[in-house]
Amino acid sequence: MHKTGINLLELETVDSTNTYAKNNFDVLADGTLVCAEMQTAGRGRLGRHWISPAGTNIYASLVMKRINHPFYATATASLAALNMLLQALPRGGFFIKWPNDVYSGCRKIAGILCEAVSVGGTISGVIAGIGVNINLTTQELDRIDQPAASLLSLSGREFDVKVMTRKLADQLAFFYDKYLTAPSELFAEWKSCNRIIGKTVRLTDPAGITRSVLVRDIADNGELIAEKDGTSYRFNCGDVSLDKDDLSKPRETE
Ligand code: BTN
């Protein structure tokens, strides 16, 4: 048992740690972090593929049974990944891009895929899948269909994936506890790590429609509150892209 209740289940090869955690949800304890050395069918958001070569990156899925809204799983997992990365490279310029990606400048370094597990229409928990690029080389990153980074590409040195997984587990324990004891603090911290409030962004909804919208705020349930032509809209999922210039600008607090 890992301290503060995160229990690592280390597997060699699976199709997807999310699929494994979902299929075994009933027998896995709350707080189990299912990790694999490689995934043969890693899944991303919106039906995308997640590249998962052996021994190179973190592929992990946290079983969260005491959470009843996927948004809080997203906030917990993205803050944990962000803080693990900041610990590894304090000057890496990492931030969360709504709803749950972690970026360095204009490049994505980590992605989160949260999936609710329901019984008879009631959510009995959430699987928070976390993929973090650790040792992908720049050549490998160039083959990804969007700008991507890894700890190796940003720092020029390799990191031990197992050590980084344990550091992620520590952060997950911390933020899962925070959710359980002070969810409004977790929300406030997650919101402050997002960089899009007040910016005009291109938002692609799950139907594939892209609109340019002005982001006004993020609601308490994680929805994006945006405005277009004087009308206010709320989005609970989708893909946001910011201008390259916006993404690479350092924050005033950095
Ligand atoms: C995204 O940004 O599209 C989400 C990517 C999530 C990838 C992780 S890797 C571990 C877990 N298992 C999966 O199949 N997907 C998630």
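This is a short tutorial dialogue on reading a predicted model, from its sheets to its ligand site.

Me: Let's start with the sheets. Which strands form the open sheet of seven strands, and in what order?

Reply: A good habit is to write down the strand order before anything else. Here the order is E1-E2-E3-E7-E6-E5-E4, and the pairing is mixed. The edge strands are E1 (7-14) and E4 (94-97), each of which pairs on one side only. On average, neighbouring strands in this sheet are turned by 20° against each other, direction ignored.

Me: Where does helix H5 pack on that sheet?

Reply: Helix H5 (residues 161-181) touches E1, E2, E3 and E7. The direction of H5 makes about 25° with that of E3.

Me: The pairing is mixed. How do E1 and E2 run, parallel or antiparallel?

Reply: They run parallel: seven bridges join E1 to strand E2 (residues 32-39). To find your place along this pair, look for glutamate 10, whose bridge partner in E2 is cysteine 35.

Me: And how many bridges join E6 to E7?

Reply: Ten bridges, and these two strands run antiparallel. Cysteine 114 is a handy landmark, with alanine 128 in E7 as its bridge partner. The hairpin of E6 and E7 has two residues between the strands, and glycine 120 takes a positive phi near 55° there.

Me: What about E6 and its pairing with E5?

Reply: Strand E5 (residues 101-104) pairs with E6 in the antiparallel sense, over three bridges. Tyrosine 103 stands opposite lysine 108 in E6. This hairpin also has two residues between the strands, and glycine 105 takes a positive phi near 60°.

Me: How should I think about side chains along strands like these?

Reply: Here is the general idea: in a regular strand the side chains alternate between the two faces of the sheet. Keep that in mind as you step along the structure above.

Me: Now the open sheet of five strands. Why is one side of E11 and of E12 left without a neighbour in the sheet?

Reply: Begin with the order again: E11-E10-E9-E8-E12, with antiparallel pairing. E11 and strand E12 (239-241) stand at the edges with a single partner strand each, so one side of each has no neighbour in the sheet. Neighbouring strands of this sheet are turned by 45° against each other on average, direction ignored.

Me: How many residues lie between the strands in the hairpin of E9 and E10?

Reply: Five, and glycine 222 takes a positive phi near 90° in this hairpin. Four bridges join strand E9 (residues 210-218) to strand E10 (residues 224-228). Valine 215 has alanine 226 in E10 as its bridge partner, and alanine 226 also stands opposite tyrosine 233 in E11. So you can follow alanine 226 from one pairing to the other.

Me: Which residue takes a positive phi in the hairpin of E10 and E11?

Reply: Aspartate 229, with phi near 50°; the hairpin has two residues between the strands. Five bridges join E10 to strand E11 (residues 231-235) in an antiparallel run, and isoleucine 225 stands opposite arginine 234.

Me: What backbone features should I look for outside the hairpins?

Reply: As a rule, most residues other than glycine have a negative phi, and most peptide bonds are trans. Leucine 46, in the loop between E2 and E3, has a positive phi near 55°. In the loop between E4 and E5 you will find proline 99, and the peptide bond from tryptophan 98 to proline 99 is cis, with omega near 0°.

Me: Last, the ligand. Which of the 20 residues around the ligand come nearest?

Reply: Ser16, Gln39, Arg43, Arg45 and Lys108. For polar contacts, check which atoms take part. An oxygen atom of the ligand lies 2.6 Å from a backbone N or O atom of arginine 45, while a polar side-chain atom of lysine 108 is 2.5 Å from a ligand oxygen atom. In threonine 17, a side-chain N or O atom is 3.1 Å from a nitrogen atom of the ligand. The ligand taken alone exposes 420 Å², and the protein buries 99% of that.

Me: Which element gives the largest share of the shell around the ligand?

Reply: E6, with four residues. Helix H1 (17-23), E3 (58-64), E6 (107-119) and E7 (122-132) each supply at least two. By class, the shell has six nonpolar, ten polar and four charged residues.

How values were computed:
Residues numbered from 1 in each chain as written. Predicted model: local features only at pLDDT ≥ 70, side-chain atom pairs only at ≥ 80, totals over all residues. Heavy atoms only, no water. Near = heavy atom within 4 Å. Polar contact = N/O pair within 3.5 Å; in protein donor to acceptor, adjacent residues only side chain to side chain. Areas by Shrake-Rupley, 256 points an atom, 1.4 Å probe, with all protein chains shown as cover. Nonpolar A, V, L, I, M, F, W, Y, C, P; charged D, E, K, R; others polar. Pairing = 2+ DSSP bridges. Axes fitted to C-alpha atoms, helices over the stretch in contact; angles between N-to-C directions. Contact = heavy atoms within 4.5 Å.
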